[in-house]
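Let's take a walk through this one together. Have the sequence and the 3D view open, and we'll go from the overall layout down to single residues.

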Amino acid sequence: MSTFLGASVGRKLVVGISGLFLVLFLVVHLVVNLTLLAGPETYNTVAHWMGTNPAVLGMRPVLVLGLLLHIAVSMYLSVSNLRARPRRYLKVDPAGGSTWASRNMFILGVCIILFLALHLSSFSIRMTFGSVDMVEISGVLMKDAYALVTTRFSLWWYVSLYSVAMVLLGLHLAHGVQSSLQTIGLNDHRWRERWASLGLAYAVVVAVGFAILPIYFFVQAQMS
Amino acid sequence: MKIKLKIWRQESAEAKGGFVSYDLEGVSKEMSFLEMLDYLNSTLIEGDEEPVAFEHDCREGICGCCSLFINGRPHGPAGETTTCELRMTQFEDGSEIVIEPWRSRVFPVIRDLIVDRSAFDKILQAGGFISANTGAAPEANSIPIAKHKADEAFDAAICVGCGACVASCPNGSAMLFVAAKVSQLALLPQGRAEAKKRVRKMVAKMDELGFGACGNIGACEAECPKGIKISHIARLNREFLRASI
């Protein structure tokens, strides 16, 4: 095991596997978010279930561990990569074959971490530890997550930041998904284009799916 | 034709280098890139100046000796071409050509445009071989190998070890080189016996030498003069995973 984690290829496997785990998490997160469109009762019920179900709560530490592993190992590798090329070229004119996102995964990752800090302090941390208005649905008293979210989504600066962050997340995923599959060895000359297309499609669905909600609620707030 | 050259000059490994510009007249479109440098050197020698040191040997694209980062790309602008195969027809009359050595912590500059690529030899010495007794060549059909496997092994085996993958990778990673060497042996039955040990040792040596980690960026593949594909890197990853569990 020490040989595995001591090798760059092993560390990359950790980044790839944790990345794919986060890719699955984002699907769940997006589905939950989309229930906002079904109205306060549905969203609050789902949010209440997510906040009380033992299986979901049990997954939280796993999620945090996956995220921290992904961040820590990527950062370690990025720093060692910088050391591998101490002097830059005077002129660089790459042939293509590499995307902007693939060359800037570290910067994209840092931007996503910064957004994540704002995002968690706005929602998850407040829902778990902060004081949130209560609402009664079908005789059950629960936190009014819908009001918390829609209030945030009526702020122009938050919606703007959120939308930009989703574009950056989309770029990170457009390379990240296919890169993770390549890292765990699931690639050859036949699957390459398929994985690239799948990764791109996933990135677009996730970025648009997440970004559309704050924009929708912001427009709705302006019209009312 | 007349060209302007901007070349990295460095007296020794310890010396601080810098770019020096040269105006060169009388360059023929029919010249190869290295012939153009030979011509530059002859004019420098005539003028009692030190010629530019650059590495070359076969001049037919198979030895991997020539390198040079030309106008922002390893081996110049032609694509799937080594510097020795590059012709001056690729450049316009009056154009400026920037020539730099490979940039990598693991490939230190020895002099001018020559870098020390012995790190690649060390990786091969760590496991890029088959421990079999040599002798007379065996009968070719005694071990049947599927056509597609033989083709893939050959595609990997055409790596000349020039280092363009390291030179072009933003991370300074040698994964395409190591993957090609691991692949060519892993795909053949003769190489399977030591496959696990080989991939572990070669990756460990690559890391120990200080190459960066692969980010699946794809710049190496785009610049490889032999067109080696990064699907070989996926095979290395599979081999490494298989060797670790």
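What follows is a short tour of chain A, a pocket, a surface patch, some salt bridges and a few backbone details.

Keep in mind that this is a predicted model.

**Chain A in outline**

Chain A holds ten helices and two strands. Going along its sequence, the order is α-α-α-α-α-α-α-β-β-α-α-α, so you'll find the two strands sitting next to each other in that pattern, between helices. Along the principal axes, the C-alpha atoms of chain A take up a box of roughly 60 × 40 × 35 Å. The chain has 224 residues, and 42% of them are buried.

**The second largest pocket**

Now for some empty space. The second largest pocket comes in at about 290 Å³. Its lining is made of 17 residues, and those closest to the centre are Gly97(A), Gln178(A), Arg192(A), Ala196(A) and Ile217(B). Two elements give two or more residues to this lining, namely α9 (156-183) and α10 (191-223) of chain A. Which element supplies the largest share of the lining? That would be α9(A), with four residues. Sorted by class, the lining has eleven polar, three nonpolar and three charged residues.

**A nonpolar patch on the surface**

Next, have a look at the outside. Met75(A), Phe106(A), Ile107(A) and Ile113(A) make a nonpolar surface patch of about 320 Å². Helix α6 (residues 105-122) of chain A gives the most to the patch, with three residues. Met75(A) belongs to helix α4 (residues 54-84) of chain A. Why can Met75(A) be part of a surface patch? Patch residues need over 30% relative accessible area, and Met75(A) qualifies on that count because its value is 34%, which makes the residue partly exposed.

**Salt bridges**

How many salt bridges turn up over all chains? A search of the whole structure finds 14. Here are three of the pairs, with the N to O distance for each.

| Basic residue | Acidic residue | N to O distance |
|---|---|---|
| Arg190(A) | Asp188(A) | 2.9 Å |
| Arg9(B) | Asp112(B) | 3.1 Å |
| Arg111(B) | Glu50(B) | 2.9 Å |

Take the chain A pair to begin with. Arg190(A) is exposed, at 52% relative accessibility, whereas Asp188(A) is buried at 17%.

Over in chain B, the side chains of Arg9(B) and Asp112(B) meet in a salt bridge. Arg9(B) is in strand β1 (residues 3-9) and Asp112(B) is in the loop between β6 (109-111) and β7 (114-115), so this pair ties together parts of chain B that are 103 residues apart in sequence. Both partners are buried.

Arg111(B) has a salt bridge too, with Glu50(B) as its partner. Here strand β6 of chain B, home of Arg111(B), is tied to the loop between α1 (33-46) and β3 (69-70), where Glu50(B) lies, so the contact joins parts 61 residues apart in sequence. Are these two residues buried, exposed or something in between? Arg111(B) is partly exposed at 29% relative accessibility, and Glu50(B) is partly exposed as well, at 49%.

Chain B also has a linked set: Arg192(B), Glu239(B) and Arg242(B) form a network of salt bridges.

**Backbone details in chain B**

Which phi value does Arg59(B) have? Arg59(B) shows a positive phi of about 55°, although it is not a glycine. This residue is in the loop between α1 and β3 of chain B, and with 30% relative accessibility Arg59(B) counts as partly exposed.

Asp112(B), which you've already met as the partner of Arg9(B), also has a positive phi, near 45°, without being a glycine. Its place is the loop between β6 and β7 of chain B. Asp112(B) counts as buried because its relative accessibility is 2%, and the cut-off for buried is under 20%.

One last stop is Lys197(B), in helix α7 (residues 195-209) of chain B. Lys197(B) is partly exposed, at 46% relative accessibility. Between the C-alpha atoms of Lys197(B) and Leu236(B) there are 12 Å, while along the chain the two are 39 residues apart.

How values were computed:
Residues numbered from 1 in each chain as written. Chains lettered and ligands numbered in written order. Predicted model: local features only at pLDDT ≥ 70, side-chain atom pairs only at ≥ 80, totals over all residues. Heavy atoms only, no water. Patch = residues over 30% accessible without salt bridge, like charges linked within 9 Å, V, L, I, M, F, W, Y side chains within 5 Å. Areas by Shrake-Rupley, 256 points an atom, 1.4 Å probe, with all protein chains shown as cover. Salt bridge = Lys/Arg side-chain N within 4 Å of Asp/Glu carboxyl O. Buried < 20%, exposed > 50% of the residue type's maximum accessible area, 1.4 Å probe, protein only. 1 Å grid on protein atoms, 1.4 Å probe; cavity = no way out; pocket = protein on both sides within 12 Å on 5 of 7 lines; lining within 4 Å. Points joined across faces, edges and corners; volume = space filled by probe spheres on them. Nonpolar A, V, L, I, M, F, W, Y, C, P; charged D, E, K, R; others polar.
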